[in-house]
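Here are a few exercises to work through with the model open beside you. Try each task yourself before you read its solution.

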Amino acid sequence: TACPPGPPSCSTRRRTCSCLPRPGCPSMGWSTEPGHGRGRRILGLCWRPPEPPSRPTCRPRDTPRRGDSRSEAEEDVDFERDLLTVPPGFTRGVDFAPKSEYRTQLNPAPGLLSLNLLLEPLDFGDQEEEDGEEEEKKGQKEKKKEEEKGPQAEAGEAAQEAGPDLRPSTPPLRADSLEDLVLKEAPPATEAAPPPEPPLAPAPEQWAIPVDISAPVDDFYRLVPEPAIKWPFEPDVFQKQAILHLERHDSVFVAAHLRGEDRGAAQRLSPRTIYTSPIKALSNQKFRDFRLTFGDVGLLTGDVQLHPEASCLIMTTEILRSMLYSGSDVIRDLEWVIFDEVHYINDAERGVVWEEVLIMLPEHVSIILLSATVPNALDFADWIGRLKRRRLYVISTAARPVPLEHFLFTGNSTRTQDQLFLLLDAKGAFQTKGYYAAVEAKKERTSKHAQTFGAKQPTQQTGPGQDRAVYLSLLGSLRARSQLPVVVFTFSRGRCDEQASGLGSLDLTTAAEKSDIHLFLQRCLARLRGSDRRLPQVLHMSELLHRGLGVHHSGILPILKEIVEMLFSRGLVKVLFATETFAMGVNMPARTVVFDSTRKHDGSAFRDLLPGEYVQMAGRAGRRGLDPTGTVILLCKARSLPDMADLHRMMLGKPSQLQSQFRLTYTMILNLLRVDALRVEDMMKRSFSEFPSRRHSKAHEQALAELTERLRALEEPDTSGPLADLPDYFNWGEELTETREVIQRRILESVNGLKSLSVGRVVVARRSEDHNALGVILQVSSDIVNRTFTTLLLCERAGAEAEGPPPRRAPSPDDLAGHNLFLPEGPCEHTVAKLHPGDVAAITTKTLRVSGERIIEDFGRRQQPRFKRDPPGPAVTSALQELVRLLQAHPQGPPTLDPVNDLQLKDVAVVEGGLRVRRLQDLLRGARCTHSPRFSSEFLKLQEQRRLQKEQERLSFLLSDQSLMLLPEYHQRVQVLRTLGYVDGAGTVQLAGRVACAMSSHELLLTELMFDNALTALRPEEIAALLSGLVCQSPGEPPQQLPAPLKEGLERVQAVARRIGEVQVACGLNQTVEEFVGELHFSLLEVVYEWARGMPFSELARLTGTPEGLVVRCIQRLAEMCRSLRGAARLVGEPVLGAKMEAAATMLRRDIVFAASLYTQ
């Protein structure tokens, strides 16, 4: 390399130098070049003889210097590997780092100094030496050349030629001896610290971390030598990865078709873990499952508390929410929470509870989420990660441990009774051949006039006799193939019972199995009283179970459902007719799953099954370790098969996304108003519904700060003297544009406005922010909903956009009064575009005679490469000439249709808007600022300032509480609470508000009934009967013949509900009074009244046609409400009411309605 130029203090090279040695001194140099591993001197700076300054020496890096001669002894020494850093007899020394390290290391390693730093603190005396005039001038010239190169060239030369600056940033301290300064412990050469790497740019926040499930986990049993449980099968890769993350105390979201890892979590996650499930029945099942596996497990439900001190507590999500609101001590020691069936967050009624719990959980609590496969698992995990400021590892897979095969079953004919048509194979490939074969087989059994080729027709239900024949044929075939047990999903409670009862001749159990079933039934039913054992449903279910059949739906008594589940898990129930609720629960797989239909009623109408629903139910097929594949069969009992596209969408479509069901409730508002840690606005801001708009809040904050700085640095426009009305001029122009858009929107929404948009009508179309374009309509689409207008438009010539936008200028009053149309320069270009109604800026009074089809055909032909250079046809040329002639005659735009006179629009907003437009146009023409010579420049300054201010307001709005979607409803509900006296003007919760917080539902109605003393004068059984209307889910009218106290109480409850509804309407809520009162269902009022008076359950069936299971559920929920009212009565000091509520709860809790769960025994 060339010798570096010398510093000002030493401008010439000499054999001896008295200046302070430092990098860049021409009298010092490296003894060897980089990469040259052998040399005569120690690596470092040293003095060397000078060379002629006029000819700097440049030589290859591996070429030795002239005059360098080596002896044989010197050749045997490797000065790069064999040098000592500690002299013999010394314990400390100096590290002579190679030159490559000096280049990347600005400061030496701790405890080590280079020779340069050793010599720097020493006093060498006079460091300046006189030089001749010529040398001084030469040094000045060199310095001038260096300054002309610029700082970047200087930096590059300093790095490449002079070497790095080895001096510390602060001057080293003086020392009395070299020993004090240098001699420190030097680490071995092999442990020398590597040079520091340059700092990396901060990575963006990533809270949801997807895990690669294809990466094998070969060392799983080395990392987890003692798993919490021993699986009877080898865990899948994704299960192993989940467990490894749990061992590292990471939060995990597992979205898969099976859940085997949750059991291993419960034991590992001590000392305190909570396992939540969406329903109470699933909590009971999990309690038994975990207790048999681990032992130290507790259960907390509304009416049962078992081992609350256990390290793992199982409860519903509502119980956990109550703990969070009340500040339970359990939360203080909580470390893990497992959320099972997370896709239940989509439930319209109870999904909000999941969001409340996830928002309020402390940040120190780790989270495990278990769900079926969902497409937006990463978004959901990202939301939770941002909430808790911790990473969430997402493990998602659509693979199944037991692959499924899907078939069609067309009927019970002799040829097809044993024939299944493969529709989806185990690899997930859709078999169209199987579908068409099923269509042909179905045609053979239909009459000539009903033959179709898979066309969709209304579902035609078959009769009980035909159903019986189909199921006997299918089940006989499955039994012969050893494909039992089977779950038949039927989407109606009544059809479940009918289909099971219709198979009276079918017996699928052996004598030994009948004996086991009989003994199990006797043991389970022994806890019931005598009359309850002889209930019609109990007797009927016992007879079905003895033959290997079972029924499972919400109308079955809870204890019978548990008996069916346990027998099914033991393989004693061979055929189970169930609704879709059976698909949610513990692992109870079958060999085969049968769909009675692919359509269901969702409460409002019949529809096809959603992909997520189908996959959840079909996933019950296939027993791991027993079946190589699971079998799914779709019954085709109607005259025609479902459409192939519908089947493909149902089987292979994307499952439903996790969607927020967050809504405001009075209980939530009152609970949050009582605490200071979390506001209601914060709860709304952190909800999953607000996540899409809040996830970029940091970027918005940064952009807002930058906008604020730009506004601060922006020059203020001059608004003095003749420019005093410049702000008004700008505001008038903005208001004119907005008013015109409102009028145009009303025109396009009217019938006459759309009629005027016919072929040949000249319109003004919005093309960009700077200008609009004149055009003529060529064709109007026939689609009424999404109507479009194919239009020939004048446009810029090709390549004009590449030249850049035209210079900005201030609009004149004529520009603002007109439509700022595009004016072509030179040859006019054109295009054909489809306009939506919103793209039409104005409808002119002009019409042209055009041939729309010819113009569209000509333009389309010229879009092909081979006809690209062809000139437009005569029809296009004629239309363009007419448009240009109109544009030249009316530069600001042709006259437009008057909405009042021409289109006959009598809307007040349109009439007033037209008057306001004319007024604004007069104001703009009378503005004084337009006559100022500085009008254009000052207007552009003001325009830029207003644009930045508008963007600043937009960002500030997005970051504020005012952008919350539910904020208006929140203010309305708070106003309801103020009107009823639940909170005061300052937002402090009053006594009535604290009472309402204790209610789980209908908090306002129950509190008002209590404070109005509407319940105190009634007997306990009468109170229970009236409150049944608040928990009953079966709609219907109350009986006509009621005792007088019940009739008066019913009228009073409805009157109080009506008063609350009127307050809500007055405060602006959308719910009408009739809708609020209609939420009360008193169809079981008489049933509850008689049950509370002691009537046996066997006699209640004569009073109602409601299924027994729904009656039991109503009474159970009613008992929980009575306990809530008992606590509220004690809170307000009402001992009489408290005692009556205690008595009512006791009357309800008896016999089969409150029989203990079999899972807890």
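**Exercise 1.** Which residue lies over the face of Tyr666, and at what distance from the ring centre?

*Solution.* Before we start, note that this is a predicted model: local features need pLDDT of at least 70, side-chain atom pairs count only at pLDDT 80 or more, and totals for chains, interfaces and linings use all residues. Residues are numbered from 1 along each chain as its sequence is written, and side-chain values use heavy atoms, with hydrogens and water left out.

Step 1: get the rule straight. A charge sits over a ring if NZ of Lys or CZ of Arg is within 6 Å of the ring centre and within 35 degrees of the ring normal.
Step 2: look at Tyr666. Arg973 lies over its face, 4.8 Å from the ring centre.
Step 3: try another case. Arg861 has its charged end over the ring of Phe867, 5.0 Å from the centre.

**Exercise 2.** Work out how Tyr435 and Tyr436 are arranged, and whether each is buried or partly exposed.

*Solution.* Step 1: rings of Phe, Tyr and Trp (its six-membered ring) pair if their centres lie within 6.5 Å; planes under 30 degrees apart count as stacked, over 60 as edge-to-face and the rest as tilted. That rule gives 19 aromatic pairs.
Step 2: Tyr435 and Tyr436 are an edge-to-face pair, with 5.8 Å between centres and 70 degrees between planes.
Step 3: buried means under 20% relative accessible area, exposed over 50%, and partly exposed in between (1.4 Å probe, protein chains only). Tyr435 has 3% relative accessibility, so Tyr435 counts as buried. Tyr436 has 35%, so Tyr436 counts as partly exposed.

**Exercise 3.** Sort out the strand order E24-E23-E22-E21-E25 and find the edges.

*Solution.* Step 1: helices (H or I, at least four residues) and strands (E, at least two) are DSSP runs, numbered from the N terminus. Two strands pair if DSSP finds at least two bridges between them.
Step 2: the five strands form an open sheet with antiparallel pairing. E24 (829-835) and E25 (840-847) each have a single partner strand, so one side of each has no neighbour in the sheet.
Step 3: zoom in on one pairing. E21 (residues 761-766) pairs with E25 over four bridges, in the antiparallel sense. Val763 stands opposite Ile843 in E25.
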